[in-house]
Amino acid sequence: MLRPGDADILNFLEQIQLARNVTAGLRCYRLRTMCLHFGRWLKLDKTQLRQLVFLSYCHGLGKLSIPDSILLNPGSLSEQDWVKIREYPEVSALICKQLPGLKEFVPLVLSHQERLNGTGYPKGLKGDEIPFIVQVFQLVNIADAIISKRLHRTRNEPSSDRPYWMQAIEEITKEMETGARDRNLCEKFFRFLELFYQGGG
């Protein structure tokens, strides 16, 4: 799946994100792990699995440009703060453009916050304009954000006794019903999450 030299690149990407924020660095590994499990469950090919791995490590590089006062803010973010956050996919893509080993992932990184109904950012892409492998990554990205109780995703949500993976399904279902996510892919992901967290064949 990985090519010669990939491991060194991934280790470098992980280390620079760990240096900035331990939580962000560890998240790369969590995303990689779940992406590979889900990707193999979907029977994706080696090229697609490699894309998922690199998306896990590259998508958040642009967050290095976000001040800690915003990125680590435990309170409500202002609209100006959100404008800064919404810039990060383009910054991530710009960083990838500068490194020969990462250039091929630029379109994937740039589109990872887009939604099928055109409400995402930064380009407002719709439908098939968003690569399939990015749609796969997005579901894992959303689920991990909720399951790991990432700061910005959970600050205003009431506490719940439901397992976090079930809360992830509920959140993704809401987006699916607005047309932001592909129903067929979401239903496969829900089944995967159930098996991943509860066990089964």
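**Notebook: salt bridges, a surface patch and a cavity**

I began with Arg181, which forms a salt bridge with Glu175, the closest N and O atoms being 2.7 Å apart. I noted that the model is a predicted one. I then looked up the burial of the pair: Arg181 and Glu175 are both buried.

**Entry: salt bridges overall**

I searched the whole structure for salt bridges and recorded eleven. Among them is the contact between the side chains of Arg50 and Asp6, at 2.7 Å from N to O. I checked where these partners sit: Arg50 belongs to helix 3 (residues 46-58) and Asp6 to helix 1 (residues 6-20), so that the pair, 44 residues apart, links distant parts of the chain. Both Arg50 and Asp6 are buried.

I followed the contacts outward from this pair. Arg50 and Asp6 belong to a network of salt bridges that also links Arg3 and Glu104.

**Entry: Lys84 and Glu87**

I next examined the salt bridge between Lys84 and Glu87, whose closest N and O atoms lie 3.9 Å apart. The cut-off for a salt bridge is within 4 Å, so this pair is counted. Are its partners buried or exposed? Lys84 counts as partly exposed because its relative accessibility is 30%. Glu87 has 35% relative accessibility and therefore also counts as partly exposed.

**Entry: nonpolar surface patch**

I looked for nonpolar residues on the surface and noted a patch of about 300 Å². Phe12, Leu64, Ile95 and Leu99 make up this patch. I located Phe12 in helix 1, the helix that also holds Asp6. Phe12 has 47% relative accessibility and so counts as partly exposed; the class ends at 50%, over which a residue is exposed.

**Entry: cavity**

I searched for enclosed space and found one cavity of 30 Å³ or more. The volume of the largest cavity is about 50 Å³. Which residues line the largest cavity? I listed Leu116, Ile130, Gln135, Gln138, Leu139, Ala180, Arg181, Asp182, Leu185 and Cys186. Helix 8 (132-147) and helix 11 (183-198) are the elements that give two or more residues to this lining. Helix 8 gives the most, with three residues.

I then sorted the lining of the largest cavity by residue type: six residues are nonpolar, two are polar and two are charged. Arg181 is one of the lining residues, which returns me to the opening entry, where Arg181 was paired with Glu175 in a salt bridge.

Technical notes:
Residues numbered from 1 in each chain as written. Predicted model: local features only at pLDDT ≥ 70, side-chain atom pairs only at ≥ 80, totals over all residues. Heavy atoms only, no water. Helix = DSSP H or I, 4+ residues; strand = E, 2+ residues; numbered from the N terminus. Buried < 20%, exposed > 50% of the residue type's maximum accessible area, 1.4 Å probe, protein only. Patch = residues over 30% accessible without salt bridge, like charges linked within 9 Å, V, L, I, M, F, W, Y side chains within 5 Å. Areas by Shrake-Rupley, 256 points an atom, 1.4 Å probe, with all protein chains shown as cover. 1 Å grid on protein atoms, 1.4 Å probe; cavity = no way out; pocket = protein on both sides within 12 Å on 5 of 7 lines; lining within 4 Å. Points joined across faces, edges and corners; volume = space filled by probe spheres on them. Nonpolar A, V, L, I, M, F, W, Y, C, P; charged D, E, K, R; others polar.
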